[in-house]
Amino acid sequence: MRCGIKPSLERSRPANGDVMSTAAWRRLLLALCAFALLQLGVCAWLQGARFAVLPGFDVPFFGTAPNANSVQMSPTRTPQVFMLTFPPSSPLAAQGVRSGDLLDLRNASPGERYRWWTKFWWAGEQVRADILHGHAPKRVTLTAQWVPLDWYGAVANVGICWMLLFATLLAWRRPDDPEARTLALLLILINLGLNFQPQNWISPWPALDATLSSLSAPVSSAGLVLFATYAMLFARPPSAWRRALVWTAYAAAIVNAVFELALPGAIAFALPGAALLSNALFEGTFSPLPFVFPAVCVLATIPATHGAERARITWASIPLLPLYIIAWIPSPALSGAAAVWILYTYNIILFLAPLGLTYSLLSCRLLDIGFALNRAAVFAVTSLLLAGLFAALQWLANTLVASLVRVHNITVDMTIVVIVYFVARSSRTAVERVITRVFFAARDRRLQALRELERAVDDVSDPDALALFVVEYLRTRVEIAAAVYLQAADGWLRPAAGGAPETAPISPDHVALVLLRSARVPTDAPEWSDLGTAFPMLVRGRLRGIVFCRAPNDGAFAPDETHALERLANRMASDREDLLAESLRAELDDLRVQMFELRATGNG
């Protein structure tokens with residue numbers, strides 16, 4: 001990808017405020033992902049096989065350092081006439097063209113003007129150029145030469161594919177969540193628009209290329225401004241100045257879309273404003289617009305969020321913000337090494353962005369996609385690494401054997417394949433262990449500690465000490481702030497351990513408590529936001545108390561952690577019930593003994 005900065009629960013019905021149902025969102029997003037992946041595959045083939053430039057011309061999108069033989073096109077006072085300057089060693093000199101001659105595009109077709117503007121040609125295409133040599137016109141025929149895809153283009157392609165697969169994952173697992181589907185749509189639309197830009201798409205028909213380039217502008221602008229929409233999903237209701245920022249971002253995206261939509265047509269048809277629209281200063285003013293304001297919206301939203309919200313928007317923004325910030329630099333205004341390094345940086349960031357999103361998703365719980373899927377992701381990554389290891393070892397072994405024996409033998413090749421297969425297979429456990437340690441080490445430690453605590457509560461002998469033991473264990477071993485509320489004889493829930501000393505008891509008719517008693521599942525009630533997630537303590541379906549838990553760093557619990565804490569709360573309730581029953585039985589036994597002794601004394 002030659003990426004220059006220039007050119008949950010299913011619902012059958014929509015929820016309140018939603019225009020589409022969850023199933024409709026999933027179908028739409030998955031269809032867009034499939035089309036974008038197909039488009040990317042076609043673009044990758046075009047970039048590797050069909051992109052070409054004219055001899056002696058240097059294209060800044062390729063990121064190569066300006067060379068001494070490159071041809072420079074400078075506009076003149078006459079529209080569609082350009083001065084060509086180049087050293088005598090340039091390939092154009094062999095065609096009889098001299099530095100200072102004029103390239104006349106006034107009689108060129110719209111498709112040819114578009115090609116001269118992009119400087120990209122179909123490989124092997126014959127290009128006729130009208131040259132004004134003094135006062136004598138001259139026609140020169142040039143053959144476009146294929147240019148291979150550079151390393152940074154391949155890196156960007158891998159990153160974009162990864163980004164689209166990430167969007168597919170969000171579309172598949174969380175189409176019900178507005179944050180997830182907005183983020184997925186953002187990634188899809190940005191890449192749909194990017195892949196049709198002239199540095200990434202070419203065909204034998206320049207009219208088709210110009211049309212697709214124009215139509216890609218509104219698509220990419222819509223994708224970019226969705227970053228501001230994503231920010232509006234947090235810290236609601238938004239303040240007036242945040243709403244003003246978002247509307248400014250929408251307006252800037254519309255202005256840029258109109259500019260990019262008109263530019264290819266104005267160039268191709270030599271419209272009066274073409275020279276102004278293609279001016280580097282003018283273009284550098286409009287190109288950064290859809291990048292600046294969405295990033296400002298996100299940066300302004302983060303300080304307004306708290307707890308789990310801040311964790312989600314921060315971890316989602318960290319990988320994407322560099323893509324927006326580096327685009328603030330108007331690339332048409334750059335030249336030489338600065339343009340080269342900006343191009344390198346942008347393409348590398350395209351690879352690092354999905355890597356950061358994947359880390360945020362799996363390790364930092366950006367979105368709740370399920371622990372089983374996380375394990376599936378580990379399995380997939382392990383398989384990809386082992387496949388690469390297998391291919392590398394096989395190639396290395398074949399090369400080494402061929403250099404030693406100077407002959408290729410099918411028996412030797414098959415032996416190498418079998419040996420390498422067993423080596424890669426034996427290393428699978430080690431590779432999976434390393435990947436698991438990178439992504440899930442902290443989570444595995446917390447889960448192990450929660451399982452140990454679940455077993456340990458059975459050994460507590462005092463029902464009054466049970467809550468204190470659990471709260472202290474969670475605080476010191478699992479880094480979870482907890483508070484336990486137990487039901488009293490009057491039905492009120494009073495704090496037994498943890499929480500603030502001034503915490504008031506909870507009425508049996510409290511709205512959140514009634515809902516929790518009815519749902520019997522962990523709940524994040526707004527009324528208890530300062531305490532954390534409420535885990536009901538149930539005994540035979542009846543509520544006996546609540547264990548409030550707040551995740552480390554005010555984040556959110558993963559599904560496996562939620563299940564472990566839910567089991568812990570129920571185990572506490574049943575163990576406390578057993579301890580109270582044993583205590584009651586002991587008291588009854590003492591009463592029987594005392595009554596027997598009183599009777600014996602009375603009879604005596």
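The following dialogue works through helices, a helix pair and a sheet in a predicted model.

Student: On what basis are residues numbered and values computed here?

Tutor: Residues are numbered from 1 along each chain as its sequence is written, and side-chain values use heavy atoms, with hydrogens and water left out. The model is predicted, and local features need pLDDT of at least 70, side-chain atom pairs count only at pLDDT 80 or more, and totals for chains, interfaces and linings use all residues.

Student: What span should helix 5 have, and how far apart are its end C-alpha atoms?

Tutor: Helices (H or I, at least four residues) and strands (E, at least two) are DSSP runs, numbered from the N terminus, and the expected span of a helix is 1.5 Å times one less than its number of residues. For the 27 residues of helix 5, residues 206-232, that gives 39 Å, and the end C-alpha atoms are 40 Å apart, which agrees. Helix 9, residues 289-301, has 13 residues that should span 18 Å, in agreement with the 19 Å between its end C-alpha atoms.

Student: Where does helix 5 bend?

Tutor: A bend at a residue is the angle between axes fitted to the seven residues ending there and the seven starting there. In helix 5 the bend is about 25 degrees at serine 216, with proline 218 following within four residues.

Student: Is serine 216 buried or exposed?

Tutor: Buried means under 20% relative accessible area, exposed over 50%, and partly exposed in between, with a 1.4 Å probe and protein chains only. Serine 216, at 3% relative accessibility, counts as buried, whereas serine 574 in helix 17 (residues 559-603) is partly exposed at 26%. Of the 27 residues of helix 5, 19 are buried, so this helix is largely enclosed by the rest of the structure. With contact meaning heavy atoms within 4.5 Å, serine 216 touches Gly193, Phe196 and Gln197, leaving aside its neighbours within four places in sequence.

Student: How is the packing of helix 2 and helix 6 described?

Tutor: Two packed helices are described by the angle between their axes and the distance between the axes. Axes are lines fitted to C-alpha atoms, for helices over the stretch in contact, and angles run from 0 to 180 degrees between N-to-C directions. Helix 2 (residues 110-118) and helix 6 (residues 240-268) pack at about 120 degrees, with axes 7 Å apart. Pro110, Arg113, Tyr114 and Trp117 of helix 2 meet Leu263, Pro264, Ile267 and Ala268 of helix 6.

Student: Which strands form the open sheet, and in what order?

Tutor: Two strands pair if DSSP finds at least two bridges between them. Here 4 strands form an open sheet in the order 10-9-12-11, with antiparallel pairing. Strand 10 and strand 11 (533-539) stand at the edges with a single partner strand each, so one side of each is left without a neighbour in the sheet. Neighbouring strands are turned by 25 degrees against each other on average, direction ignored. Helix 15 (residues 463-477) packs on the sheet, touching strand 9, strand 10 and strand 12 (542-550), and its direction makes about 50 degrees with that of strand 10.

Student: How many bridges join strand 9 to strand 10?

Tutor: Strand 9 (residues 481-487) and strand 10 (residues 493-498) run antiparallel and are joined by 5 bridges. Alanine 483 stands opposite glycine 498, and leucine 486 has arginine 494 as its bridge partner. Their hairpin has 5 residues between the strands, and glycine 491 there takes a positive phi near 95 degrees.
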